[in-house]
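Thanks for making time this morning. I would like to walk you through one model, and I will take its pockets, its sheet and its aromatic residues in turn.

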Amino acid sequence: MKAFNCKIYEADSTFFEGQLESLIIPIYDGEYGVLADHRNAVIAIVPGMMKYRIPGGEMQYAFVSYGMIRIEGGEVLILVDSAEHPDEIDEHRAQMKAEAAREAMLQKRSMQEYVLAEASLNRAMSRLKVKHSKNVGK
């Protein structure tokens, strides 16, 4: 399969730079896939599981937070607040965040607080999903 150049940057570091065969990112209404020779695009990324394949390798998984992807001239640039490999995710912390978010959602103080709690729950659940993905590694 043909590869493309990809750079993935977190707010404070480089997560990945190199060639990929495929990339799947979480977007508002599902997932968005990228292969070599993809058309130019700029797309918002939401917190969730990113999947990517290095040439000749197996599918890798990572949690990504809010950000954006730019595909231009056959190259991909991803900017996210944070990205984590499965082995970097603190499962206990993610479970605690999920429980706190569920409790906040039950309180129903205001619509804004509910929406914020729901977003926090989604981030925590996405981290747990990535943590338990079948392939752990970079």
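The second largest pocket is lined by Glu 84, Glu 88, Ile 89, Asp 90, Arg 93, Ala 94, Lys 97, Ser 120, Arg 123, Ala 124 and Arg 127, and I should say straight away that we are looking at a predicted model. The space in this second largest pocket comes to about 180 Å³. Two elements, H1 and helix H2, which spans 111-131, each give two or more residues to the lining, and H2 supplies the largest share of it, with four residues. Sorted by class, the lining of this pocket has seven charged residues, three nonpolar ones and one polar one.

How do the residues lining the largest pocket divide by class? Here there are six nonpolar, two polar and two charged residues, and the space in this largest pocket is about 220 Å³. Its lining consists of Tyr 28, Val 46, Pro 47, Tyr 66, Val 115, Glu 118, Ala 119, Asn 122, Arg 123 and Ser 126. If you look back at the second largest pocket, you will find Arg 123 in that lining too.

Before leaving the helices, let me point to one residue of H1, the helix that covers residues 91-107, namely Ala 104. Ala 104 has a relative accessibility of 35%, and it therefore counts as partly exposed. Its C-alpha atom is separated by 31 Å from that of Ile 24, a residue that lies 80 residues away along the chain.

Let me turn to the sheet. It is an open one, built from five strands in the order E2-E1-E9-E8-E5, and the pairing among them is mixed. Which strands stand at its edges, and why is one side of each left without a neighbour? They are E2, residues 14-20, and E5, residues 41-45, and because each has a single partner strand, one side of each has no neighbour in the sheet. On average, and with direction ignored, neighbouring strands of this sheet are turned by 10° against each other.

Two of the pairings deserve a closer look. Strand E1, residues 4-9, runs antiparallel to E2, and six bridges connect the two; within this pairing, Phe 4 stands opposite Leu 20 of E2. The two strands form a hairpin, with four residues between them. Elsewhere in the sheet, strand E8, residues 67-72, is joined to strand E9, residues 75-80, by six bridges, again in the antiparallel sense, and here Glu 72 has Glu 75 in E9 as its bridge partner.

Edge strand E2 also brings us to the aromatic residues. How many aromatic pairs does a search of the whole structure find? It finds one, and the partners are Phe 16 and Tyr 52, whose ring centres lie 5.9 Å apart with 50° between the planes, so that the pair is classed as tilted, given that planes under 30 degrees apart would count as stacked and those over 60 as edge-to-face. The pair links distant parts of the chain, since Phe 16 belongs to strand E2 and Tyr 52 to strand E6, residues 48-53, with 36 residues separating the two.

Are these two aromatic residues, Phe 16 and Tyr 52, buried or exposed? Phe 16 has a relative accessible area of 14% and is therefore buried, and Tyr 52, at 1% relative accessibility, counts as buried as well.

Definitions and conventions. Residues numbered from 1 in each chain as written. Predicted model: local features only at pLDDT ≥ 70, side-chain atom pairs only at ≥ 80, totals over all residues. Heavy atoms only, no water. Pairing = 2+ DSSP bridges. Axes fitted to C-alpha atoms, helices over the stretch in contact; angles between N-to-C directions. Buried < 20%, exposed > 50% of the residue type's maximum accessible area, 1.4 Å probe, protein only. Phe/Tyr/Trp six-rings, centres within 6.5 Å; stacked < 30°, edge-to-face > 60°. 1 Å grid on protein atoms, 1.4 Å probe; cavity = no way out; pocket = protein on both sides within 12 Å on 5 of 7 lines; lining within 4 Å. Points joined across faces, edges and corners; volume = space filled by probe spheres on them. Nonpolar A, V, L, I, M, F, W, Y, C, P; charged D, E, K, R; others polar.
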